[in-house]
Amino acid sequence: DGRVDKLKFLEVDDCAIDPEGAEALFPCLRPPLESLNLKNNREKGHAVSVRSSIKPEGWHFLGQRMGARGLDGLRRLSVDRCDLTSDCVVQFFPFLPSSLEILELGDDPRRSLRIGPTGWRSLGQRMKSGGMDKLKLLDVSFCDVTPGMARLFVPFLPATLEDLLLGGNFDCLSFPSHRFNHGGNNNNNNQGGEGEGVQQPEGGWGDDGEFDSDSEFG
């Protein structure tokens, strides 16, 4: 029946998986799986891809498998350079397993279409619910995270987090009042003092991640 009951590590990176391939693959995954590497699954034929080859309808099958507790042992999920958008990540962010320790979302710096406020809010809500209390590393490098987008998930980072990778998010890192240290040893270039926790800006960024010109950052 296509089941792989003892598989712990699976790499299908750079395979241009399409929705049909996702439908065939993801339902077969089982809880023994600890590491799933899907990086570089993007449309081919262009110097710079504009969207994930898996597409939202394909990512839906990953979320469905997670929601059915089919990946309860997953410790590492690598979906970096998959040309993700909000339409993609909302299909599986709400179902990320509580066992997850490493989540890699880093993007290609040449792309212009990326995860937006809706996607980051979905991640924040998953964290806020306590569903990611084992997370140790989060990579959001080159995702064009703005301070408004960061506000949707950074305040909910779990205390277990050791590394938060923010390289290439120049708009996000340009605001010194944003602290990304969560009382741990987050290795980034703009962390606050030890034990400061996450400092939220004093207004100015709505829930949609849009900038308010009357804010302290104006």
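Start by selecting Glu43: at 19% relative accessibility, this residue counts as buried, because the cut-off for buried is under 20%. Keep in mind as you look around that the model is predicted.

**Stop 1: the partner of Glu43**

Now add Lys55 to the selection. Its side chain meets that of Glu43 in a salt bridge, at 3.6 Å from N to O. The two residues sit twelve apart and link distant parts of the chain. Lys55 belongs to helix α2, residues 55-67, while Glu43 lies in the loop between β2 (35-37) and α2. Side chains of opposite charge can pair when their charged atoms come close.

**Stop 2: zoom out**

Show the whole protein chain as a cartoon. You should find six helices and six strands, and from the N terminus on they run β-α-β-α-β-α-β-α-β-α-β-α. Of the 218 residues in the chain, 51% are buried. Turn on a surface, and the chain exposes about 10100 Å², with carbon and sulfur atoms supplying 46% of that area. If you like contact maps, take the contacts between residues at least 6 apart in sequence: 74% of them join residues at least 24 apart.

**Stop 3: Arg114 and its two acids**

How many salt bridges does a search of the whole structure find? The count is eleven, and Arg114 is a good place to see some of them. Select Arg114 with Asp107 and look for the salt bridge, where the closest N and O atoms are 3.4 Å apart. Both of these residues are buried, Arg114 at 10% relative accessibility.

Next, add Asp144, which also forms a salt bridge with Arg114; here the closest N and O atoms are 3.0 Å apart. This pair again links distant parts of the chain, with their positions 30 residues apart in sequence. Asp144 is in the loop between β5 (137-139) and α5 (147-150), and Arg114 is in the loop between β4 (102-104) and α4 (117-128). Is Asp144 buried or partly exposed? It is partly exposed, with a relative accessible area of 40%.

**Stop 4: a network**

Select Arg42, Arg81, Asp83 and Asp108 together. Salt bridges link these four residues in a network.

**Stop 5: a negative patch**

Finish on the surface with Asp18, Glu20, Glu23 and Glu57, which gather in a patch of negative charge. Center the view on Asp18, found in the loop between β1 (9-11) and α1 (19-25). Its relative accessible area of 35% makes Asp18 partly exposed.

Definitions and conventions. Residues are numbered from 1 along each chain as its sequence is written. This is a predicted model: local features need pLDDT of at least 70, side-chain atom pairs count only at pLDDT 80 or more; totals for chains, interfaces and linings use all residues. Side-chain values use heavy atoms; hydrogens and water are left out. Patches are made of residues with over 30% relative accessible area and no salt bridge: like charges are joined within 9 Å, nonpolar side chains (Val, Leu, Ile, Met, Phe, Trp, Tyr) within 5 Å. Accessible areas come from the Shrake-Rupley method with a 1.4 Å probe; for residues, only the protein chains shown count as cover. Lys and Arg count as positive and Asp and Glu as negative; His and the chain ends are not counted. The place of a charge is taken as NZ of Lys, CZ of Arg, CG of Asp or CD of Glu. Helices (H or I, at least four residues) and strands (E, at least two) are DSSP runs, numbered from the N terminus. Buried means under 20% relative accessible area, exposed over 50%, partly exposed in between (1.4 Å probe, protein chains only). Contact means heavy atoms within 4.5 Å.
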